[in-house]
Amino acid sequence: MQFPPVEEQLALIRRGVEKIVPENELAEKLKQSRDSGKPLRVKYGIDPTGVDLHLGHTVPMRKMRQFQELGHQAVIIIGNYTALVGDPSGRDETRARLTAEQVEANAVDYLNQLSKVLDLDKAEVVRNGDWFSAMNFAEMLELCSKVTVAQLLTRDDFSQRFKEETAIYLHECLYPIMQAWDSVKIAADIELGGTEQLYSFMLARDLQRDQKMSCQIGVMSPILVGLDGIRRMGKSLGNYIGIGESAYEMMKKFMQVPDDCMKMYFELLTDLPLDQVDGLLAGHPKEAKTTLAKTIITEYHDAAHADEAAARWQREIGGGGLPADIPVATISRADLKEEAVPAAILLKLAGLCQSTGEARRSIKQGGAYIGEDKQRIEQDQTITPENGMMLWVGKKRFCRLEVSD
RNA sequence: GGGGGAAUUCCAGAGCGGCCAAAUGGGCCAGACUGUAAAUCUGGUGGCGAAGCCUUCGCAGGUUCGAAUCCUGCUUCCCCCA
């Protein structure tokens, strides 16, 4: 196996990486691998907890793909056993636990999604249940005896929870130990993950050293911020872009990302050369953002869909024209007490508002409109519903009426 | 095993007999401003074809003219001591 020169590899690996620990050993590992023609074993573990992967997950996954492109061996660990615990990293509370059935269903689904970013044919995929389910209690005791409580409490998240007197369960303490043991079982040279994984990564080195193995190097990506530009991208925060979303959904979300985050997104989510990125960022922000969106959307769909999504966004949202597909709301004459109904009632019947109270509020605040030309609906206005009538609440909710008898 | 504390509207968190559909902050929705981005500012944020009425403060009872607030039991959670 012929690998690119070490410096070249390092340059690619360092892109968008926050921390490499220990930094100085990486070049050495790469050199040994190049000299011997033996690929490095690069570990990335994922717990099949949720269902939908989002761009935040793809940051280490993309890093893995870069390693694959350099010729190294990807080892994907499906944490079907660690998922039963729940990763406490960066959390201020205990995670909900899953059943084995849920985990297995998620695992299959995850592999499917992973294949959008990684070349799974060239990757080793293993489940950590393979070794943990076979472990007996004595072996587990042996493993636990390698770690002290004081070590565990050096972790920020645990020590903070300890101080704040929120619960820390014993099984959570096992999580980093299990994750570290995975590294031993697969003989990892490198582990990929976010910066919050530091503790587990270091523990893996300790266990590997204890087993007289070569110690892994942690390559840690920064945490991707979500659409709000402040908090980490996460499903529970609702500020994410899922990799299974449609091109247009992605487009809409990308365009509402704060400008300040673009650089991070370019660096972590695309392969565009960084000097080219700087050039884009020096130009009009909207252009840069559109390029960003199209580049990433192309990865999950294709260039044609990306262009189409961008054009549609410009037409409907950027330009203020009529949306391309307008949902149709069917209302029945039977629901109407008379021909002309109060506007609030109509908005609720059309499904634009969840309650008449909400509809009243929207109207009162000038956020409800009628007709192709978006005439503002006045308070106390009554409307005679007609087929094809356009109704709006705010900028994003709209529909065309269909009146049935 | 013993002791202490807590459960409030989407979330966090006030309220501790009537002035409570319930402070404040976050989120969310709308308006203004913009590049229909973000930030900022303003308003809103249980339901009812809206007068007034109805349902909400862990669950079930009780005391009171009146209870989110007091009492009893139950459930769940947290902390401390052993």
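How far apart do the C-alpha centres of domain 1 and domain 3 lie? Keep that question in mind while we walk through this predicted model.

1. Let's start with the overall layout. Chain A splits into three pieces: domain 1 covers 6-221, domain 2 covers 247-318 and domain 3 covers 328-404. As for the opening question, the C-alpha centres of domain 1 and domain 3 are 53 Å apart.

2. Now have a look at strand S6, residues 217-221. Five of its five residues are buried, so S6 is largely enclosed by the rest of the structure. Try following the side chains along it: Ile-217, Val-219 and Ser-221 point one way, while Gly-218 and Met-220 point the other way, and all of them are buried. That fits a general rule of thumb: in a regular strand, side chains alternate between the two faces of the sheet.

3. Who sits beside S6? On the one hand there is strand S1 (residues 19-21), which runs antiparallel to S6 and is joined to it by three bridges. Within that pairing, Val-21 has Gly-218 as its bridge partner. On the other hand there is S5, which runs parallel to S6 and is joined to it by five bridges. Here you can find Leu-192 opposite Val-219, and Gly-194 opposite Ser-221. To get from S5 to S6, the chain passes through helix H10 (residues 198-210), and this β-α-β crossover is right-handed.

4. Strand S5 itself (residues 190-194) deserves a moment too. Is S5 mostly covered or mostly uncovered? It is mostly covered, with five of its five residues buried. Besides S6, strand S5 also pairs with strand S2 (residues 41-46), in the parallel sense and over two bridges. If you want one contact to click on, Lys-43 has Glu-191 in S5 as its bridge partner.

5. Between H10 and S6 there is a loop, and Met-213 lies in it. Why does Met-213 count as partly exposed? Because its relative accessibility is 25%, and the partly exposed class runs between the under 20% of buried residues and the over 50% of exposed ones. Met-213 and Ala-188 are 25 residues apart along the chain, yet their C-alpha atoms are separated by 9.5 Å.

6. Over to the surface. Val-149, Leu-153 and Phe-162 together make a nonpolar patch of about 300 Å². Leu-153 belongs to helix H7, which spans residues 149-153. With 31% relative accessibility, Leu-153 counts as partly exposed.

7. Finally, there is a five-stranded open sheet, and the order is worth tracing with your finger: S7-S13-S12-S9-S10, with mixed pairing. The edges are strand S7 (328-332) and strand S10 (375-376), each of which pairs on one side only. Inside the sheet, strand S9 (residues 368-370) and strand S12 (residues 390-393) pair in the antiparallel sense over three bridges. You can check this pairing at Ile-370, which stands opposite Leu-391 in S12.

Definitions and conventions:
Residues numbered from 1 in each chain as written. Chains lettered and ligands numbered in written order. Predicted model: local features only at pLDDT ≥ 70, side-chain atom pairs only at ≥ 80, totals over all residues. Heavy atoms only, no water. Patch = residues over 30% accessible without salt bridge, like charges linked within 9 Å, V, L, I, M, F, W, Y side chains within 5 Å. Areas by Shrake-Rupley, 256 points an atom, 1.4 Å probe, with all protein chains shown as cover. Salt bridge = Lys/Arg side-chain N within 4 Å of Asp/Glu carboxyl O. Helix = DSSP H or I, 4+ residues; strand = E, 2+ residues; numbered from the N terminus. Buried < 20%, exposed > 50% of the residue type's maximum accessible area, 1.4 Å probe, protein only. Domains from an automatic or database assignment. Pairing = 2+ DSSP bridges. Right-handed = clockwise from strand over helix to strand, strands pointing away.
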